[in-house]
Amino acid sequence: MKKHHKVALSILTMAALVAGCASVPGSADLDKLTNDIVKASFRDEGIVKASVLDTDETNRVCSAADVSGKPLDDETAKRIEAINLQTVKAPPGGKYLGDWKEGEKIAQSGRGLTYTDDAKTVNGGNCYNCHQIDKKEISFGTIGPSLYNYGKIRGVANPASPEAKPIVEYTWGKIWNSKAYNACSNMPRAGHMGILNAAQIADVMALLLDPKSPVNQ
Amino acid sequence: MRMTKPLVVAALLFPVGGGAWAQKNAAVQSIEEYRAMLQDGNPADLFEAKGEGLWTQKRGPKNASLEKCDLGKGPGVYKGVFVELPKYFADTGRVQDLESRLLTCMETLQGLDAAAIAKTPFGRGEQNNMTALATWIAAESKGMKFNLPQSHAQEKVFYQVGKRLFFQRGGPHDFSCASCHGEDDKRIRLQDLPNLTKNPGDGVGFAAWPAYRVSNGQMWGMQQRLNDCYRQQRFPYPGFGSDATIALGVYLGVNSQGSASAAPAIKR
């Protein structure tokens, strides 16, 4: 394939550079080579297009920070967070909380958006993969913090009250676009990237904040 | 790590897994017992036997065996090659892992169509033979320590590219390999996740594949392992033996330097 030969050539050029000097080529050259290799290596499959790897500035700067082993400087982090905060859309009709029972189902489901899923698959939230939530579910991941008693420990007695407003809005924003509050968070941007719709996010909100939810017992 | 206030509160009240360990009860223990039980017998043996047979069997348009295949230590040498792959091969001018190198031999020695095999889905046709061969070759290095060469310029470049691929965030979920494999002592659900940014130890991570997976009754080579990680990351399809998969293999393999290979392992 032509595509492959082009990459092979750029690898050779790069290797010649390495052979010529004592150290590995500069990081900009390696970034470019990595991009070329990604373009030549990944292809469309099922519902997943190769173009999903043409990502945004948030992912680009966070990936680069991870490679360098140094976190983003404060200024960049604040700028990235501001960009992401602008994407957060308030729920239609101001309805922040839905049904916690539905929220539990969404939190349990890790389905959707892989190349073996079809377009009709209802996306899950993948929440339990990384978080403890309802204490009855012992199969939970530890990549994110525990969310057990999420509303209770924040003193949310009535999610519709003015006192609860800041935490309700923050939680909505965090689920809609996690990077609005932590530029390089490991957490997906469920609303912004179209993983969950507003109604699904409202159901997950209820799981976390409804005083009747098992999370808050 | 930058955190806003509500998250800091959550982290203080709930040190990692705090609620979990208190509840490390019968259910968790029975899962551990199940895992221990799995060690009693490994169906990978069957794939090993098939792979050994395929090595000497005359096949393909050229009606030849793979006995003259050079996997890095000279034609026909299969002991100890696995723990030094991926590496650079002068005849192809490429860095290759075990599976892509076997593919080269299947094409040059046996006359099989490498491009067609690379396009074949895992678990079908020649891909089944590929997995069996990889399982057997890996088994011939069981217990040996990983020692990938980093002397050739392309091997060094591939390590650096592999590192960038490991941290590449993308797709609808913004996942990278590091989202799950970037820190110590993390889990997805109940599954422990090795930290692959450093040496995860004997028989862990890179040092465990090919492996037999009990949950789906399938034998997987490293190519399939990486492919399925990318699938779950919501990434598009990485080509079989593509440079991205090989560079990633170099990164993981070099990080595992000195660790003993447990392949073929058995997994839940």
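## A tour of chains A and B

Begin by selecting B:A211, which stands opposite B:A265 in strand 8 of chain B. Strands here are DSSP runs of E with at least two residues, and helices are runs of H or I with at least four, each numbered from the N terminus. The model is predicted: local features need pLDDT of at least 70 and side-chain atom pairs count only at pLDDT 80 or more, whereas totals for chains, interfaces and linings use all residues. Residues are numbered from 1 along each chain as its sequence is written, while chains are lettered from A and ligands numbered from 1 in the order in which they are written.

**The three-stranded sheet of chain B**

Extend the selection to the whole of strands 5 and 8 of chain B, which pair in the parallel sense over three bridges. Strands are taken as paired if DSSP finds at least two bridges between them. Adding strand 6 completes an open sheet of three strands in the order 6-5-8, with mixed pairing. Strand 6 (218–220) and strand 8 (265–267) are the edge strands; each has a single partner strand, so one side of each has no neighbour in the sheet. On average, neighbouring strands of this sheet are turned by 25° against each other, direction ignored.

**Cis peptide bonds and positive phi in chain B**

Move next to B:P210, in the loop between strand 4 (191–193) and strand 5 (211–213). The peptide bond that leads to B:P210 from B:W209 is cis, with omega near 10°. A second cis bond runs from B:L85 to B:P86, with omega near 0°; B:P86 lies in the loop between helix 4 (44–56) and strand 1 (87–89) of chain B. As background, most peptide bonds are trans, and most residues other than glycine have a negative phi.

Two arginines merit selection for their phi values. B:R189 has a positive phi, near 50°, and is located in the loop between strand 3 (186–188) and strand 4 of chain B. B:R189 has 14 other C-beta atoms within 10 Å and is therefore partly exposed. B:R234 is also not a glycine and has a positive phi, of about 70°; the loop that holds B:R234 joins helix 10 (222–232) and strand 7 of chain B. With 23 C-beta neighbours inside 10 Å, B:R234 is buried. The classes rest on the number of other C-beta atoms, placed from the backbone, within 10 Å of the residue's own: 20 or more for buried, 12 or fewer for exposed, and partly exposed in between.

**Where the chains meet**

Strand 7 of chain B leads to the other chain. Two bridges join strand 7 (residues 237–238) to strand 1 (residues 42–43) of chain A, and the two strands run antiparallel. Within this pair, A:F42 has B:P238 as its bridge partner.

Now display helix 2 (residues 27–41) of chain A with helix 11 (residues 243–255) of chain B: their axes are 8 Å apart and the packing angle is about 125°. Axes are lines fitted to C-alpha atoms, for helices over the stretch in contact, and angles run from 0 to 180 degrees between N-to-C directions. The two helices are therefore oblique to each other, as angles under 35 degrees count as roughly parallel, over 145 as roughly antiparallel, 65 to 115 as roughly perpendicular and the rest as oblique. Helix 2 contributes A:I37, A:V38, A:A40 and A:S41 to the contact, and helix 11 contributes B:D243, B:A244, B:T245 and B:A247. Contact requires C-beta atoms, placed from the backbone, to lie within 7 Å.

For the full interface, select the 56 residues of chain B that are in contact with 60 residues of chain A. On the chain B side, helix 8 (residues 153–166) gives the most, with nine residues. That side divides into 27 nonpolar, 17 polar and twelve charged residues. Nonpolar covers Ala, Val, Leu, Ile, Met, Phe, Trp, Tyr, Cys and Pro; charged covers Asp, Glu, Lys and Arg; the others, Gly among them, are polar.

**The two domains of chain A**

Colour chain A by domain: domain 1 spans 2–85 and domain 2 spans 92–216. These bounds come from an automatic or database domain assignment. Taken over C-alpha atoms, the domain centres are separated by 31 Å. Domain 1 brings 13 residues to the contact and domain 2 brings eleven. On the domain 1 side, helix 4 of chain A gives the most, with five residues.

**A final stop at A:I133**

Finish at A:I133, in the loop between helix 6 (127–130) and helix 7 (150–153) of chain A. A:I133 is buried, with 25 C-beta neighbours inside 10 Å. Its contacts beyond four places in sequence include A:A107, A:F140 and A:V215. The C-alpha atom of A:S146, 13 residues away along the chain, is separated from that of A:I133 by 6.4 Å.

Conventions: Two residues are in contact if their C-beta atoms, placed from the backbone, lie within 7 Å.
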